[in-house]
Amino acid sequence: TRNAPGDLKSAAPFGVEEAIRNPERVLLQPSNLFHSFSNSPSPVIRRRAAFMKSHAYCPHPDHRQTRIVTSPHDPEARKTTKSIHPPAHVNFECPDCGLPVYCSERHWMDDYEHHTEICDTLRQANEDDHDLHSGRFFPEFEYPGPQIEEILPNMTNWDTYLYTREYNAINEDRSMRQATRLLTYPMTIASVIHELSPYNIRAGGRLTTEGLKSLSALRYSLHPPRSGSGLGIEGLRPTPPAVRIFILGARAESSLPRQVWVQLEYLFHRCPLHLIFIGPESMTNRDDEFPLPERTATNPFGGIVEDRISNYMKITTFVEYYHTMHKANYFQPFDPYFDCFVLFHPGLGHPASAHEWEETLPQLLETKVPIISTGYTDWDMQRDKKWVEEKMAGEVDLLMEAGENRFRSLRWDLNDLDPGDISAGNWGVWAFRGKRYETTMKDGVISV
């Protein structure tokens, strides 16, 4: 059931309004979601199938490698120098998962035992993609408004959070996967910086002593005490600056419906938040929504400002590399009480993107503010962590140990360049900052 008008705000995908007005025009019913990609009723998915067949390669070990192997989990690792067949694009669609996964039926049958390890997950991803294009009404994309401060959210896991924040009941696993795919971005941030965070300093809580110091400073600003402010002259009180959350290398997260990001604001009462998306891809495919402004003396980096999101949230987007803005001192000074950085799937240690972070990483550590980073998989996250520790040996304080994110996306996503490569948004999370040196007294002499 829906709450009273105005209590919920929808962030449903395109086509939902049409589905409400004309239920008979729904493309797919919940009982009819499984289709092979090439024969899908959705033209969008058929185009994806054509893209896969033109770019993805058969994983059968008889083929020669198509790229340098960087992970033991990479299907290319099964191919050896003794492989006799040249690389071949996928063309055969598995009848069980509906995805083009092998170049021929013979290779699919020969490698069937290996394929069964991920076949069920691929089928689930197939049905989830068809569900998004089914045209049905999505009640899971309706979000609650603000709560009174005395009602505390339980951030132990997805179930307790959705219940205590009074979301509409989500009774199906598929709907839960669709909902968490969007909410994972604001909730991953909140689960680390909120005073009711499930991560703590106790055994197994993953938070380190240095992490408690940094996050305590940030939480002091995020959860201000009541000041007795009011509407009249006698109620005027000094207003602290907004807490700035810098989201670097922003991609899909910068285009999320703003109602999704407002859920982050509702967890921090009386604290203004300023989300700053920075990255060359932060406005990809959004030119019609927000044409890029000219770079002027008052707006030298062409920032797009959305200051009417809500009373306590402002969003600014920059199509620029962070290291360029940092060298221009655009955001200085930084304050550990009011600033933090977030890197969603940054690929710090990935061979294709590591060079883009080499100049940025020392600048981030120089600020001494918390840096929260996520990864698609445990291997991806550990590779990033290892790269940071090797590049900046001795100059990094670990704030939170790497591990599975309690608010990761429950939905598995496909890689169109390699259908066998599946991942979950924000699967893991960890945090670090530039090393801080404490001043101490020894024999009456100040030492660092």
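Here are legends for an overview and several close-up views of a predicted model.

**Figure 1. The whole protein, as a starting point.** Let's begin with the full chain before zooming in. The protein has twelve helices and 16 strands. Its C-alpha atoms fill a box of roughly 75 × 60 × 50 Å along the principal axes. The radius of gyration is 24 Å, which agrees with the value near 22 Å for a compact globule of 448 residues. Of these 448 residues, 49% count as buried. Among contacts with a separation of 6 or more, 72% are between residues 24 or more positions apart.

**Figure 2. Surface and charges of the protein.** The accessible surface comes to about 22400 Å², and carbon and sulfur atoms account for 53% of it. If you are setting up electrostatics, here is the charge count: 47 positive and 61 negative charges, with mean positions 2 Å apart. The structure holds 29 salt bridges, and the next views show some of them.

**Figure 3. Close-up of the salt bridge between Asp129 and Arg411.** The two side chains meet at 2.2 Å, N to O. Asp129 sits in helix 4 (residues 112-132), while Arg411 belongs to the loop between strand 11 (396-404) and strand 12 (412-415), so the pair ties together parts that are 282 residues apart in sequence. Are these two residues buried or exposed? Both Asp129 and Arg411 are buried. They also take part in a network of salt bridges that links them with Arg48, Arg181, Asp413 and Asp416.

**Figure 4. Close-up of the salt bridge between Glu150 and Arg226.** Here the side chains meet at 3.1 Å, N to O. The pair links distant parts of the chain, 76 residues apart: Glu150 is in the loop between strand 4 (142-144) and helix 5 (158-164), and Arg226 is in the loop between helix 7 (209-222) and strand 5 (243-248). Both Glu150 and Arg226 are exposed.

**Figure 5. Close-up of the salt bridge between Asp307 and Arg308.** The side chains of Asp307 and Arg308 meet at 4.0 Å, N to O. Asp307 has a relative accessible area of 46% and is partly exposed. Arg308, at 77%, is exposed.

**Figure 6. Close-up of helix 11 and the residue that follows.** Which residues of helix 11 are buried? They are Thr360, Leu361, Gln363, Leu364, Leu365 and Thr367. That makes six of the eight residues in helix 11 (residues 360-367), so the helix is largely enclosed by the rest of the structure. Just after helix 11 comes Lys368, which has a positive phi, near 65 degrees.

Note on methods
Residues numbered from 1 in each chain as written. Predicted model: local features only at pLDDT ≥ 70, side-chain atom pairs only at ≥ 80, totals over all residues. Heavy atoms only, no water. Buried < 20%, exposed > 50% of the residue type's maximum accessible area, 1.4 Å probe, protein only. Helix = DSSP H or I, 4+ residues; strand = E, 2+ residues; numbered from the N terminus. Rg over C-alpha atoms; globule rule 2.2 N^0.38 Å. Contact = heavy atoms within 4.5 Å. Areas by Shrake-Rupley, 256 points an atom, 1.4 Å probe, with all protein chains shown as cover. Lys, Arg positive; Asp, Glu negative; His and termini not counted. Charge placed at Lys NZ, Arg CZ, Asp CG, Glu CD.
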